[in-house]
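Q: Please take a close look at the surroundings of one side chain in this model, and then follow the contacts outward to other parts of the chain. Where do things sit, and how well are they covered?

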Amino acid sequence: MNKITKKQKMSFAGLLIAIGIVYGDIGTSPLYVMKSIVTENGGIANVNRELIVGSISLILWTVTLLTTVKYVMIALKATNHGEGGIFSLYALVRKRAKWLVIPALIGGAALLADGTLTPAVTVTTSIEGLKNMRFGDVIPVPSQEVVIMITIIILVILFSIQRMGTSVIGKAFGPIMLVWFTFLGVVGIANLSHDWSLLEAINPIHAIRILFSPANKVGILILGSVFLATTGAEALYSDVGHVGKANIIGSWPYVFVCLSLNYLGQGAWILHNASYHAGNGDFNPFFEVVPSNLRLFAIALATIAAIIASQALITGSFTLVAEASSLKFLPRMNIIYPSTEKGQIYIPSINKMICVVTVAIVFLFRTSHHMEAAYGLAITVTMLMTTILLFEYLGKKGKPLYLRLIFLIAFAFIEGMFLISSLTKFLHGGYVTVLIAGFILAIMYVWFYGNKIRDKRESRNAYVRLDEYTDMLTNLSHDEDYPTYATNLVYMANVKYNKFIKREILYSILDKRPKRAKAYWFVTVNVTNEPYTAEYAVNTYGTKNVINIQLYLGFRKQTSVNVYLRQIVHELIADGTIEAQPQRFTTTPGRDVGDFSFVIVNDVISPLTKLTGYEKFMVEARVWLQNLSSNPASWFGLEYADTVVERVPLILGKHQESYIKRIKPKKQTKK
């Protein structure tokens, strides 16, 4: 708790860390926004002052309204114990209405899809700056094929080092990104100094006019390119838990000013170089505004900034998946903690998936211009879903309905316009975003609603009262006619209402082959709405051998059941709640906790299941996903513990007993 409190206080170190972690995505937008606007309008030969002033005005006011007003001023107040992001926001409002799970699922899927696109587009754009640059008599990057090769090498290396964690690399993010933003501002103001009149773009009238001006050849579709300037706003909200809202609020003005100056500087250069002609057909005003003697430095710095932005999106995807698993939106996955820092997690399966998809996107689109068609669509959807959830959050906080409606209508209209303009690029690459997000959404939907249907249709006879079997379990524990199976026999079981347990768990202990143990543990892991809860409750039903443990762990807390349980056993022995477990044979003198054997009961669909249609498909798909996911032992942090996975048939729906009739033996006739 102290760590979170410290993060809320503004400090120079905190501001520097915020600049390094939070603004990677939005900070690399100048690499491609103006380039996209000019290219979509037919190239530099077709631009005029009205288009440039209006476009920059659209950029400045888009970033002001969506990033500054919506996220910095409003969304940062909607934190769950200091943590932000769409899943944290959903955790705050989910009790207000069941349907709120829909925008949470859609927004989360779209945000994960964005995590595959950002590394591809930012790194490719940076390396394209090297294309056809001459160093003496040598041109190191003579073609787009070489750009693709270098980009893929960088991406593969980036994904390969994720296992190491970013604690060491992260310390360098702040200073590098501070240099990056300062460089953006200095280069921007140097070019703007040639035409200060461009500051008229601050007037929002120019933003509105350009949407309907003949100077803008694509009309409202220009918003698809403009929106790229604010794609990092959702990441800003998601990363608040790492740096604290005070440091984001304190650092954002400097970042915003530097970004604005760079856009204005690019606009000034374009207007004064209308006759510019790129011999190779490529044109990126971001690199053109930089003096030729600083061009290589700019490309190197842009590449590093792109890598940092990609790194932030990748690690953010890990956090997002971990939260989704805790909220039962995704199957549990094997999570590795490469360092002692809370935020440092690594999910091998997700890392491989994002790597494959990102490299495939580079191969598919080949140029950053083609990637921009897919980029932005996913994050627009996420922003719309966040707006819906924020509307409910404001209601939870008691804000008047008319203010909430103004917020909802205003931002839904703005983001809806951006969504429409992005959807027009569907056939030019947007379909890839939809396919990726749709695939992730399908998995989330099946897992969440498959669990709901299973719980709803499960027979009442599937559960028994644990407290009615305590005498039988206690007698078995002391019955020396049976060999000892384990000192502590632990079942990872969902004990409902502190007494109801699945029948197959007791069947495993008593019927399959009686399992004698000194203590029977039934452990339920409850995920709380708070990020870092670590608590437990005990119910022994008046015995010293049957223990129901309810673990309460935050949705960002590591699930290490064996570590927690060893501490719990030691404490319960010390206060006399359970019987002592003295160890005669041990390498640790004074050891008072015996051995553990963990049992995990997994469902498999029984042929007797009577569900039909939609419900049957959802449950079967959910079980299929469960079997595809990682070893259940890793879900609970039991990879190195003595663990047994028992599979039991899952029978859902009305069950009719099958009977066979006995008859007299039939006489055999000769043929």
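A: A residue is called buried under 20% relative accessible area, exposed over 50%, and partly exposed in between (1.4 Å probe, protein chains only). With 47% relative accessible area, Trp-196 is therefore partly exposed. The model is predicted, so local features need pLDDT of at least 70 and side-chain atom pairs pLDDT 80 or more, while totals for chains, interfaces and linings use all residues. Residues are numbered from 1 along each chain as its sequence is written, and side-chain values use heavy atoms, without hydrogens or water.

Trp-196 lies in the loop that runs between α9 (167–192) and α10 (204–210); helices (H or I, at least four residues) and strands (E, at least two) are DSSP runs numbered from the N terminus. Together with Ile-189, Leu-199 and Ile-202, Trp-196 makes up a nonpolar surface patch of about 370 Å² accessible area. Areas are Shrake-Rupley values with a 1.4 Å probe; patch members have over 30% relative accessible area and no salt bridge, with like charges joined within 9 Å and nonpolar side chains (Val, Leu, Ile, Met, Phe, Trp, Tyr) within 5 Å.

Charged contacts come next. The structure contains 10 salt bridges (a Lys or Arg side-chain nitrogen within 4 Å of an Asp or Glu carboxyl oxygen). One of them joins Arg-465 to Asp-467, N to O at 2.8 Å. Arg-465 is partly exposed at 28% relative accessible area, and Asp-467 is partly exposed at 26%. Elsewhere, Arg-49, Asp-195 and Glu-200 belong to one network, joined by salt bridges that share partners.

Another salt bridge ties Arg-96 to Glu-392, at 2.9 Å from N to O. This pair connects distant parts of the chain, 296 residues apart: Arg-96 is in the loop between α6 (86–93) and α7, and Glu-392 is in helix α19 (residues 377–396). The two ends are covered to unlike degrees: Arg-96 is partly exposed at 38% relative accessibility, whereas Glu-392 is buried at 10%.

Helix α7 (residues 101–128) has 28 residues. From first to last C-alpha, α7 spans 41 Å, close to the 40 Å expected (1.5 Å times one less than the number of residues). At Leu-117, α7 nonetheless bends by about 30°, and Pro-119 follows within four residues; the bend is the angle between axes fitted to the seven residues ending there and the seven starting there. Most of α7 is covered, with 26 of the 28 residues buried.

A third salt bridge pairs Arg-295 with Glu-288, whose closest N and O atoms are 4.0 Å apart. Both Arg-295 and Glu-288 are buried. Pro-291 sits in the loop between α15 (285–288) and α16 (295–326) and is partly exposed at 40% relative accessibility. The C-alpha of Pro-291 is 8.8 Å from that of Val-187, although 104 residues separate the two along the chain.

In helix α5 (residues 49–74), Leu-66 is buried, with 0% relative accessible area. Between the C-alpha atoms of Leu-66 and Phe-227 the distance is 9.7 Å, for a separation of 161 residues along the chain.

Last, the strands. β5 (residues 534–539) and β6 (residues 546–554) pair antiparallel over six bridges, where pairing needs at least two DSSP bridges. Ala-534 has Leu-553 of β6 as its bridge partner. Six residues separate the strands of this hairpin, in which Tyr-541 adopts a positive phi near 55°.
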